[in-house]
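Student: I would like to go through this structure and ask what stands behind each label.

Tutor: Go ahead.

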Amino acid sequence: MPAIKSLSRAVRQVLQKPGCGCQIAVVPVRCVGFSPRQVNLDASFHSVSFSETEHPRVLITGGLGQLGVGLAKLLRKRFGKNNVILSDIRKPPDNVFYSGPFIYSDILDYKNLREIVVNNRITWLFHYSALLSAVGEANVPLARSVNITGLHNILDIAAEHSLRLFVPSTIGAFGPTSPRDPTPDLCIQRPRTIYGVSKVHAELMGEYYHYRYGLDFRCLRYPGIISADTQPGGGTTDYAVQIFHDAIKTGKFKCNLKPDTRLPMMYIDDCLRATLEIMEAPAEQLSMRTYNISAMSFTPEELTQEVQKHIPELQVTYNVDAVRQAIADSWPMIFDDSNARQDWGWKHDYDLPELVNTMFNFLGSVNSVPRLAQLN
């Protein structure tokens with residue numbers, strides 16, 4: 001076919017389906033030398049805006065996790081309800097299902113994923129499907145399959161169809177030999193979890209596809225993300241969410257990290273806004289493709305002091321978990337995100353006092369908390 005022959009040999013190699021011994025049928029694509037649209041600045045949103053006819057068509061994989069539903073809500077407000085498709089392999093709750101387009105999508109099913117992109121004319125893809133650290137360590141083969149093989153499927157499809165691709169990374173992409181105070185964008189990365197290793201792999205593969213094939217790859221390394229509408233899942237940074245729930249319910253909190261353990265943190269609204277802003281940033285403003293992103297760094301002791309301004313009766317004890325403490329001690333204490341602030345104008349809205357106020361406002365009035373604390 002002339003159209004197939006017109007593709008470069010390198011691009012056809014990218015489109016080779018791993019492990020199947022045959023090539024995938026392709027259509028002419030613009031994969032090399034991709035140049036995103038130039039758009040006007042929107043100072044009120046610290047980023048750029050699109051006209052009605054230029055709205056991206058968005059797919060979010062792994063959309064039922066901590067960030068996917070909130071991101072879909074933000075993007076639908078920005079680009080229109082029907083332009084943002086949420087996907088996962090799990091059944092969505094009714095409020096998610098009826099809030100906008102939702103489809104089943106398995107990132108390990110290359111053919112199905114490719115059909116979704118083609119049939120829905122997807123132009124932006126947010127890839128949130130991943131097994132996180134604790135689950136990944138319990139099942140390394142599955143984590144390797146989802147976090148690495150799934151990523152390869154995403155990269156090949158994104159390159160083939162000239163998508164703008166976002167893949168999140170994490171503070172877990174660093175290890176005990178990385179500089180911790182502060183941690184720059186470029187430094188030694190030797191994580192000791194399969195989750196961290198897979199995220200370093202994603203960063204490097206995304207940047208390789210960008211420089212080799214012109215893929216418009218963008219990535220942020222998230223700090224610990226704090227949100228009131230998500231239950232703590234036992235992660236290393238989840239103490240910063242659990243303390244609010246326990247303070248309101250019992251007036252007592254047991255922290256599994258040492259009181260002086262400093263980690264970078266961010267409120268979820270800042271995280272979601274940063275994700276949209278990096279995707280809207282003109283390509284010529286990006287000096288790199290993977291950025292640290294941060295808002296604040298605090299210790300359990302500092303967070304406790306701020307919470308006690310609202311609930312003076314709160315009693316905090318420290319029951320240190322050796323595994324979580326070892327992980328925390330290998331992670332950055334402070335993220336240096338100066339490149340994000342300089343290149344595309346990142347700035348956070350929530351500091352520690354604002355974070356605490358927002359969490360209590362969301363979780364309910366604290367007026368009854370002292371009575372609960374006294375009862376306990």
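Student: What makes β10 and β12 a pair of strands?

Tutor: This is a predicted model. Three bridges join β10 to β12 (residues 263-267), and the two strands run parallel. Two strands pair if there are at least two bridges between them, so three bridges are enough for β10 and β12. At one position in this pairing, I226 stands opposite Y267 of β12.

Student: Why are β10 and β14 said to stand at the edges of their sheet?

Tutor: The sheet is open and has three strands in the order β10-β12-β14, with mixed pairing. β10 (224-226) and β14 (296-298) each have a single partner strand, so one side of each lacks a neighbour in the sheet. On average, neighbouring strands here are turned by 45° against each other, direction ignored.

Student: Which helix lies across β10 and β12?

Tutor: That is α10 (residues 268-280), which runs at about 80° to β12.

Student: How do you know that R218 is buried?

Tutor: The cut-off for buried is under 20% relative accessible area. R218 has 1%, so it is buried. R218 belongs to strand β9 (residues 216-222). Its C-alpha atom is separated by 8.7 Å from that of M288, although the two residues are 70 apart along the chain.

Student: Why are R121 and S162 placed in opposite classes, and which is buried or exposed?

Tutor: Exposed means over 50% relative accessible area and buried means under 20%. R121 is at 58%, so it counts as exposed. S162 is at 17%, so it counts as buried. R121 is found in the loop between α5 (110-119) and β6 (124-127), and S162 in the loop between α7 and β7 (164-166).

Student: What is the value of phi in R121 and in S162?

Tutor: Phi of R121 is near 50°, a positive value in a residue other than glycine. For S162, also a residue other than glycine, phi is positive and near 55°. G251, just after α9, takes a positive phi of about 75°.

Student: Why is helix α9 called largely enclosed?

Tutor: Nine of the 11 residues of α9 (residues 239-249) are buried, so the helix is largely enclosed by the rest of the structure. Among the buried residues are Y239, F244, H245 and D246.

Student: Which residues of β3 point one way, and which the other?

Tutor: V58 and I60 point one way from β3 (residues 58-61), while L59 and T61 point the other way. In a regular strand, side chains alternate between the two faces of the sheet. All four of these residues in β3 are buried. Strand β3 is joined by three bridges to β4 (residues 84-88), running parallel, and I60 has L86 as its bridge partner there.

Student: What makes the lining of the largest cavity mixed in class?

Tutor: The lining has four nonpolar, four polar and one charged residues. K199 is in the lining, and Lys counts as charged. The cavity has a volume of about 70 Å³. The helix that gives the most to its lining is α8, with three residues.

Student: Where is the cis peptide bond?

Tutor: The cis peptide bond joins D181 and P182, with omega about -5°. P182 lies in the loop between β8 (169-170) and α8.

How values were computed:
Residues numbered from 1 in each chain as written. Heavy atoms only, no water. Helix = DSSP H or I, 4+ residues; strand = E, 2+ residues; numbered from the N terminus. Axes fitted to C-alpha atoms, helices over the stretch in contact; angles between N-to-C directions. Contact = heavy atoms within 4.5 Å. 1 Å grid on protein atoms, 1.4 Å probe; cavity = no way out; pocket = protein on both sides within 12 Å on 5 of 7 lines; lining within 4 Å. Points joined across faces, edges and corners; volume = space filled by probe spheres on them. Buried < 20%, exposed > 50% of the residue type's maximum accessible area, 1.4 Å probe, protein only.
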